[in-house]
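Let's walk through this protein together, one question at a time. Have the model open while you read.

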Amino acid sequence: MPTPAQKKHYLLYGSERYALAILRPLQDAIRARGDETAWFFDGPGASDLVEGERLLSVEEVRRWKPIAVITPGNHLPHFFPGVKVETFHGFNAGKPRHVYIRGFFDLYCTTGPKDTAQFGALAKKLGHFSVTETGWPKLDPFMKEIAGPLPPVRKPPVILYHSTFSPSWSAAETLYEEVKRLSRDGRWHWIITFHPKMNPETTAKYKALQNEYLTFAENDNILDLFPQVDMMCSDTSSALSEFLLTGKPVVTFKNRAPGPQLIDIDDPAQFEPAIERALARPPELMQAIRDFGDAIHPYRDGHSSERVLDAIDAFIAGGGRNRKRKPLNFWRKFKLRRRIGYWGPA
């Protein structure tokens, strides 16, 4: 066990509540190695941290001297000490991944071969960041929980319905009448959960549907629901990629990036037969789901957090620098300084 003087310090940075679920497994892995973590939160979710976990000022962070600052978000304060590390806040939900290249990070820890290839090509071209494939820390506890063969479909089957909040992407209003109809006869049981930013009126409509066959869940971590269901219905949400890693089918409505791993529909009349097909688990669909999972996150061992820490160690051992300097990025850095209220040296 390292002595206090030898302990490495890692800063976990968040500006949204989702950072907690993503970075908690990393926190556990750091502590298991005998090292120390602290959080810096400048947005919703800070109230969920226990006393003593959180640093409250930039001055405290600079005195604490973390060797790395790790975040799932698209930015972090450039004036914090340490290697700047991105772990991502979800899988690709239809946007090109290059939107994350904003000049804040030294190291991207990618989730699987698909992202590694794309980010590796960008790293070679731009030269101001490195890429290491690690898997996604958020999934570590989940992967340990679902280890083993795919369980058979329940009797009656349980369906998870989840929708994103964006009006142009969400199918919640379009499919409302179908969900209402199908949740009345007891043939299937339903669990409904929405993005926290969903239109409150839409959320209220679905909550009003609750009966012995339909439950509205308000879990902060949707992964907790995945082992409880046999399939998922959605639209265009990063959560459906996470769900596909269970090996179970997903029905989507007008998905922005459809593929053979999904049963994608464009008419509410197709909703019921699509669910029936998903619950039948046809072999070609199940193989496509496995292939998709291997491309985005092939790691099933629950040790992605440890791989992130190993990647940070290797980056530091290699000199802690990239081939080129990060871009100056004045405007985004100015906005971060203004939000946090720090105008001191970087």
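## Surface, sheets and one serine

The protein's accessible surface is about 15900 Å², and carbon and sulfur atoms hold 53% of it (areas by the Shrake-Rupley method with a 1.4 Å probe; for residues, only the protein chains shown count as cover). This is a predicted model, where local features need pLDDT of at least 70, side-chain atom pairs count only at pLDDT 80 or more, and totals for chains, interfaces and linings use all residues. Residues are numbered from 1 along each chain as its sequence is written, and side-chain values use heavy atoms, with hydrogens and water left out.

Reader: What radius of gyration does the protein have, against that of a compact globule?

Author: The radius is taken over C-alpha atoms, and the globule rule is 2.2 Å times the number of residues to the power 0.38. With 346 residues, that rule gives a value near 20 Å, and the protein agrees with it at 21 Å.

Reader: Which strands stand at the edges of the sheet with the order 9-8-7-10-11-12?

Author: Helices (H or I, at least four residues) and strands (E, at least two) are DSSP runs, numbered from the N terminus, and two strands pair if DSSP finds at least two bridges between them. This sheet is open, has 6 strands and pairs in parallel. One side of each edge strand is left without a neighbour in the sheet, because each has a single partner: these are strand 9 (214–216) and strand 12 (263–265).

Reader: In the sheet with the order 2-1-3-4-5-6, which residue is the bridge partner of Tyr108?

Author: That sheet is also open, with 6 strands in parallel pairing. Strand 5 (residues 107–110) pairs with strand 6 over 4 bridges. In strand 6, the partner of Tyr108 is Val131.

Reader: At what angle to strand 5 does helix 10 run?

Author: Axes are lines fitted to C-alpha atoms, for helices over the stretch in contact (heavy atoms within 4.5 Å), and angles run from 0 to 180 degrees between N-to-C directions. Helix 10 (residues 304–317) lies across several strands, including strand 1 (9–14) and strand 6. Its angle to strand 5 is about 150 degrees.

Reader: Is Ser234 buried or exposed?

Author: Ser234 lies in strand 10 and touches Tyr161, His162, Leu240, Val251, Thr252 and Phe253, leaving out residues up to four places away in sequence. Buried means under 20% relative accessible area, exposed over 50%, partly exposed in between (1.4 Å probe, protein chains only). At 1% relative accessibility, Ser234 is buried.
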